[in-house]
Amino acid sequence: SAAKLQNLLISNEVSSHLRSINDRDENRTAITGHKNKSKTLFQRIISFDEQVSRKLFICSEMDVGFTTGTMKRKLLLLCEYSGHEILWLMIISLSLWLYCQNPVLWPVYQNLAIAFILDITITVCLKMLCKRQRPMTNKADMHVLAAVDNYSFPSGHATRTTALACVLLYHPFIRSYCKICLLSWVIIVSLSRTLAGRHYLGDVVCGNLIGLIEHLLCKAFLWIN
């Protein structure tokens, strides 16, 4: 009788141990399946973004250069140059020097400088973190300033033009027609990044959202009245 009771207790312990192992394996399988499903969803989004973007690339791989390219290539490159970081670094630096005694314009260019520096910092960090490769099209006439510019996400032109335009749009002395021109400039430059084959559409859309967030951060914590 004692032996039977002992065998019964051992059997119950073994059964309980096996159930715990099965439960742990089921939980692990469920977690792994969820991760795989999430990864598959992310891959599908990336694949969809690339497929849509390729349909928007309007310049062939042979259509390169400002002097040798077609008219549409020249226009796209002009849009690219208008949002380039070197150009805006020169504009903001010169404006800070010229209007340092102007009580109205001085804070405007200070806020532009803050937004510009914040944008460069955030964009570089995100590019290094994500390391998404650029599309294979139209790389021959792309002159990068640093190795990080070889990465695609997010579009630095989209983040920069959005952040700088939001700073200017926030100031009350900007007239209505200037606001329309600023918004048009942001849209045109952003679209040109995909049309020229520099970025996928997702890089540009996310870049616009990041630029808006940068402006909100500047206005909340770094704004100079």
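**Exercise 1. Find what covers the buried residues of helix 2, and determine how those residues are arranged around the helix axis.**

Solution.
- Cover: helix 5 (156–170) and helix 6 (176–195) are among the elements that cover the buried residues of helix 2. The model is a predicted one.
- Members: the buried residues of helix 2 are R73, L76, L77, C79 and E80.
- Arrangement: viewed down the axis of helix 2, these buried residues fall within an arc of 155°, so they line one face of the helix.
- Background: an α-helix has 3.6 residues a turn, so residues three or four places apart point the same way.

**Exercise 2. Check the span of helix 2 against its number of residues.**

Solution.
- Expected: helix 2 covers residues 71–82, which is 12 residues, and at 1.5 Å a residue the span should be 16 Å. The count used in the product is one less than the number of residues.
- Model: the end C-alpha atoms of helix 2 are 17 Å apart, which agrees with the expected span.

**Exercise 3. Classify E80 as buried or exposed, and identify its side-chain polar contact with R198 and the residues it touches.**

Solution.
- Location: E80 belongs to helix 2.
- Accessibility: the relative accessible area of E80 is 8%. The cut-off for buried is under 20%, so E80 is buried.
- Polar contact: the side chains of E80 and R198 make a polar contact at 2.9 Å.
- Neighbours: leaving out residues up to four places away in sequence, E80 touches H157, R193 and R198.

**Exercise 4. Count the aromatic pairs in the whole structure, then describe the pair formed by Y99 and Y109.**

Solution.
- Count: a search of the whole structure gives three aromatic pairs.
- Geometry: Y99 and Y109 form a stacked pair, with 5.5 Å centre to centre and 10° between the planes. Planes under 30 degrees apart count as stacked.
- Placement: Y99 is in the loop between helix 3 (85–98) and helix 4 (105–130), while Y109 is in helix 4, so the pair ties together parts that are 10 residues apart in sequence.
- Accessibility: Y99 is partly exposed at 30% relative accessible area, whereas Y109 is buried at 18%.

**Exercise 5. Describe the pair formed by Y170 and W223.**

Solution.
- Geometry: the rings of Y170 and W223 are 5.0 Å apart centre to centre, with 85° between the planes, and the pair is edge-to-face. The cut-off for edge-to-face is over 60 degrees.
- Placement: Y170 lies in helix 5 and W223 in the segment after helix 7 (201–222), so the pair ties together parts that are 53 residues apart in sequence.
- Accessibility: Y170 is partly exposed, at 43% relative accessibility; W223 is buried, at 18%.

How values were computed: Residues are numbered from 1 along each chain as its sequence is written. This is a predicted model: local features need pLDDT of at least 70, side-chain atom pairs count only at pLDDT 80 or more; totals for chains, interfaces and linings use all residues. Side-chain values use heavy atoms; hydrogens and water are left out. Helices (H or I, at least four residues) and strands (E, at least two) are DSSP runs, numbered from the N terminus. Buried means under 20% relative accessible area, exposed over 50%, partly exposed in between (1.4 Å probe, protein chains only). The arc is that of the directions from the helix axis to the C-beta atoms. Contact means heavy atoms within 4.5 Å. A polar contact is a pair of N or O atoms within 3.5 Å; within protein, one must be able to donate a hydrogen and the other to accept it, and residues adjacent in sequence count only if both atoms are side-chain atoms. Rings of Phe, Tyr and Trp (its six-membered ring) pair if their centres lie within 6.5 Å; planes under 30 degrees apart count as stacked, over 60 as edge-to-face and the rest as tilted.
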